[in-house]
Amino acid sequence: APAYNPSNNSLFLTGHDWYQLVGEISIPAVVNSHDPKELNRAELLQSLSDITEGRMNQVGESGAEMGGCKLGGLIVVSDKILGTSYVYYDASGSAELSHFISTTDLAQGADINGFYSIGTKGAGFVAGYMCIIPLSWQSLFGGDALTGQGCLAIISRTSYGPSVTSFNLNDIGRKIPANGTMLVGYPSSHPTLGQWGNSTTVNPNFNMATSVNGVVFPDNFGSILFFGSTGMGVPLYGIGTKDSTLHGTDVPDTDGKVKYAYDPANSSKGCHAFPYSYYVWAYRAADLAEVYSGKMRPWEIIPYATWELELPFAAENGSRGIGGTAYDKENNLLYISQLRADNNSPIIHVFMVRK
């Protein structure tokens, strides 16, 4: 969950998955190389700390504790950080709260406000990635920022593909819940991009191995870009194996209830669709404006283009993971965090957004 800090030309970044701590790093001179050893290493500007001050799990009804939460997204607004927390495995779909506010001074204590809810669709649609809406589009979207979430475990509580809701930053903590309008979203009743249970057809736009981890709305462009990863093979729920001859066969002593899935990148029991690719979903901003005006529904619009995102470093065993995205609007720079690209460390890729 990276976030660009314009006042310091730096990035806030979530650390190791086990701890969900946030630190601030410098942005060194960019090097164009396919050798990680030639890249400049970011310096730590603020040490990793718990930005939620022990409250990351307080996203249930009226702030009740729900275990297994993770930070979903961060954005910097002036001297504040707006963040989200989501339940990794919300079997009951009962998480209601999602957003919190802290200061950019990570050493300062007792400065968290939240958690708060946005809209009425549930935290599974909003408790993730965020971005600012360009000024020229804010009245057409009914807000100045976008927040979204999708493709989580327990898919019925979230979106079957990319999702965003528009809201006003000043409403967070002042209106409960803050007003929000879902502009893109595919609930279980309208899985336009594809069914989660599909195990016969290649469909990279959405399958049981799809993950959406970032959204960017570049200034002076008419596109909204979602970033993540997806399976490029036929999906299958089962136990991963490096032996391709076992694919689709029964795992011993399971009475035929569990299958093997060929997946050299993931040996666990779960969702597979090997091989995997970094992926981009591109939507027309004008289509989202049609949803806000009531002329279309959030699940009626689809990407005008999708494509595989080629990155110069291969993650271990063919796994693919995007940690998130951040955007520097003054310089039109897009930052993408590629997980495990240098052993266990991420590499931050910098793209110039241009026509």
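Is K295 buried or exposed? That's the warm-up for these exercises on a predicted model, and its solution comes in Exercise 1.

**Exercise 1. Sort out E290 and K295: what holds their side chains together, and how accessible is each residue?**

Step 1. Start with the pair itself: E290 and K295 make a salt bridge, with 4.0 Å between the closest N and O atoms.

Step 2. Now take K295. Its relative accessibility is 62%. The cut-off for exposed is over 50%, so K295 is exposed.

Step 3. Do the same for E290. Here the relative accessible area is 30%, so E290 is partly exposed.

**Exercise 2. Find the other salt bridges and say how accessible their residues are.**

Step 1. Get the total: searching the whole structure gives three salt bridges.

Step 2. Look at K70 and D17. Their side chains form a salt bridge at 2.9 Å, N to O. This one ties together distant parts of the chain, 53 residues apart: K70 sits in strand β5, while D17 is in the loop between β2 (10-14) and β3 (22-26).

Step 3. Check the accessibility of both ends. K70 has a relative accessible area of 15%; buried means under 20%, so K70 is buried. D17 comes out at 42%, which means partly exposed.

Step 4. Move on to D250 and K259. The closest N and O atoms of this salt bridge are 2.5 Å apart. D250 is partly exposed at 41% relative accessibility, and K259 is partly exposed too, with a relative accessible area of 28%.

**Exercise 3. Work out what surrounds the cavities.**

Step 1. Count them: there are two cavities of 30 Å³ or more.

Step 2. Take the largest cavity, which holds about 70 Å³ of space. Its lining includes A1, P2, Y129, M130 and N213. The elements that each give two or more residues to this lining are β5 (69-77), β13 (211-216) and β20 (322-328).

Step 3. Class those lining residues. You should get six nonpolar, six polar and no charged residues.

Step 4. Repeat for the second largest cavity, with about 50 Å³ of space. Among its lining residues are V59, S85, Y86, L152 and R157. This lining divides into eight nonpolar, two polar and one charged.

**Exercise 4. Which residues touch the most other members of the largest nonpolar core, and which elements supply it?**

Step 1. Keep a general point in mind: in soluble globular proteins, nonpolar side chains tend to be buried together.

Step 2. Pick out the best-connected members. The largest nonpolar core has 29 residues, and F141, L146, F217, I224, F226, Y283 and L288 touch the most other members.

Step 3. Map the core onto the elements. Those giving two or more residues are α1 (135-141), β12 (181-184), β13, β14 (223-231), β18 (276-284) and α2 (285-292). The largest share, four residues, comes from α2.

Step 4. Zoom in on F226. Leaving out neighbours within four places in sequence, F226 has contacts that include P162, V164, V212, V215, W281 and Y283. Y129 is also in contact with F226, and you've met Y129 already in the lining of the largest cavity.

Step 5. Look beyond this core. Another core of 24 residues lies apart from it, with M56, L71, I81 and L152 among its members. L152 should ring a bell as well, being part of the lining of the second largest cavity.

Terms used. Residues numbered from 1 in each chain as written. Predicted model: local features only at pLDDT ≥ 70, side-chain atom pairs only at ≥ 80, totals over all residues. Heavy atoms only, no water. 1 Å grid on protein atoms, 1.4 Å probe; cavity = no way out; pocket = protein on both sides within 12 Å on 5 of 7 lines; lining within 4 Å. Points joined across faces, edges and corners; volume = space filled by probe spheres on them. Nonpolar A, V, L, I, M, F, W, Y, C, P; charged D, E, K, R; others polar. Buried < 20%, exposed > 50% of the residue type's maximum accessible area, 1.4 Å probe, protein only. Core = buried A, V, L, I, M, F, W, Y, C linked by side-chain atoms within 4.5 Å. Contact = heavy atoms within 4.5 Å.
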